[in-house]
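I opened a new notebook page for this structure. Below is what I looked up, in the order I went.

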Amino acid sequence: MRESEHKKSASAYELVRSALLAGRYPPGARIDPNVLSKVLKCSQTPVRLGLNRLVGEGVVTDHGRSGLMVPLPTELALHDLYDWMSRLLVMACDTGLPARGEVPYLIRSGEIDLAQRTWNLFDAIAAGSGHRSLHHSVVLAHDRMAPSRPA
């Protein structure tokens with residue numbers, strides 16, 4: 001892959017990931033690579049590569065001819081995701097915080113978004129465990145749950 005294609009693929013990945021985290025794609029929404037390629041002013045190949053990365057992370061699902069969509073989880077699937085996040089955080093807490101310095105201040109003055117404050121706490125717990133793989137798993141679980149939160 002050429003460097004320009006790689007950059008456009010990364011841009012498509014970040015654009016869609018940010019939109020998902022911000023709630024701009026609700027569960028069940030179709031993600032159109034044609035529209036993204038026009039927004040990014042590139043061919044569909046790098047866009048599809050970026051979207052395939054999101055498919056691999058479980059944030060987007062591939063429905064073959066129906067296209068790429070934001071997962072529309074069942075109640076059981078949401079329960080499973082929240083249970084998985086809980087288990088990851090318990091593992092992170094069991095490892096304890098490394099003696100690397102201060103824990104970041106999690107709640108800023110005037111911050112009212114409970115979901116963001118909760119994520120800041122979860123992220124700090126996972127990062128504080130000192131295990132990059134565990135932290136990465138917590139981030140992926142968060143990303144998979146993000147589109148369902150506003151719904």
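Before placing any residue, I noted what a helix is here: a DSSP run of H or I with at least four residues, numbered from the N terminus. With that settled, I looked up V139 and found it in helix α6. I also wrote down that the model is predicted.

**Entry: the overall plan**

I counted the elements next. The protein has six helices and three strands. Starting at the N terminus, I read their order as α-β-α-α-β-β-α-α-α. Then I checked burial. Of the 151 residues, 32% are buried. I also looked at contacts between residues at least 6 apart in sequence. Of these, 64% join residues at least 24 apart.

**Entry: α1 against α3**

I turned to helix α1, residues 3-21, and helix α3, residues 44-56. They pack at an angle of about 50°, and their axes are 7 Å apart. How does that angle class the pair? α1 is oblique to α3, because about 50° falls in neither the parallel, the perpendicular nor the antiparallel range. The crossing of these two helices is right-handed. On the α1 side, I listed E5, K8, S9, A12, Y13, V16 and R17 as the contact residues. On the α3 side, I listed T45, P46, V47, L49, G50, L51, R53 and L54. I sorted the contact residues by type: eight are nonpolar, three polar and four charged.

**Entry: α5 against α6**

My second pair was helix α5, residues 114-128, and α6. Helix α6 covers residues 132-145. The angle between α5 and α6 is about 160°, with the axes 8 Å apart. An angle over 145 degrees counts as roughly antiparallel, so α5 and α6 are roughly antiparallel to each other. This crossing is right-handed too. From α5, the contact takes in W119, F122, D123, A126 and A127. From α6, it takes in H135, V138, V139 and H142. Sorted by type, the contact residues come to six nonpolar, two polar and one charged.

**Entry: two residues of α6**

I went back to V139. Leaving out residues up to four places away in sequence, V139 touches R17, W119 and D123. I also checked V139 against A127. They lie 12 residues apart in sequence, and their C-alpha atoms are 9.9 Å apart.

Next came H142, which also sits in helix α6. Is H142 buried or exposed? H142 has 10% relative accessibility, and it counts as buried because the cut-off is under 20%. With the same sequence neighbours left out, H142 touches L21, M85, W119 and R149. I noted that W119 is among the contacts of V139 and among those of H142.

**Entry: K41**

I looked up K41 in the loop between α2, residues 33-40, and α3. What is its phi? Phi of K41 is near 55°, a positive value in a residue other than glycine. I marked this because most residues other than glycine have a negative phi. K41 counts as exposed, since its relative accessibility of 71% is over 50%.

**Entry: the cysteines**

Last, I checked for disulfides. How many does the structure hold? It holds zero. I then looked at C42 and C93. C42 is buried, because its relative accessible area is 15%. C93 has 47% relative accessibility, so it counts as partly exposed.

Notes: Residues numbered from 1 in each chain as written. Predicted model: local features only at pLDDT ≥ 70, side-chain atom pairs only at ≥ 80, totals over all residues. Heavy atoms only, no water. Disulfide = S-S within 2.5 Å. Buried < 20%, exposed > 50% of the residue type's maximum accessible area, 1.4 Å probe, protein only. Axes fitted to C-alpha atoms, helices over the stretch in contact; angles between N-to-C directions. Parallel < 35°, antiparallel > 145°, perpendicular 65-115°, else oblique. Left-handed = near helix turned anticlockwise from the far one by under 90°. Contact = heavy atoms within 4.5 Å. Nonpolar A, V, L, I, M, F, W, Y, C, P; charged D, E, K, R; others polar.
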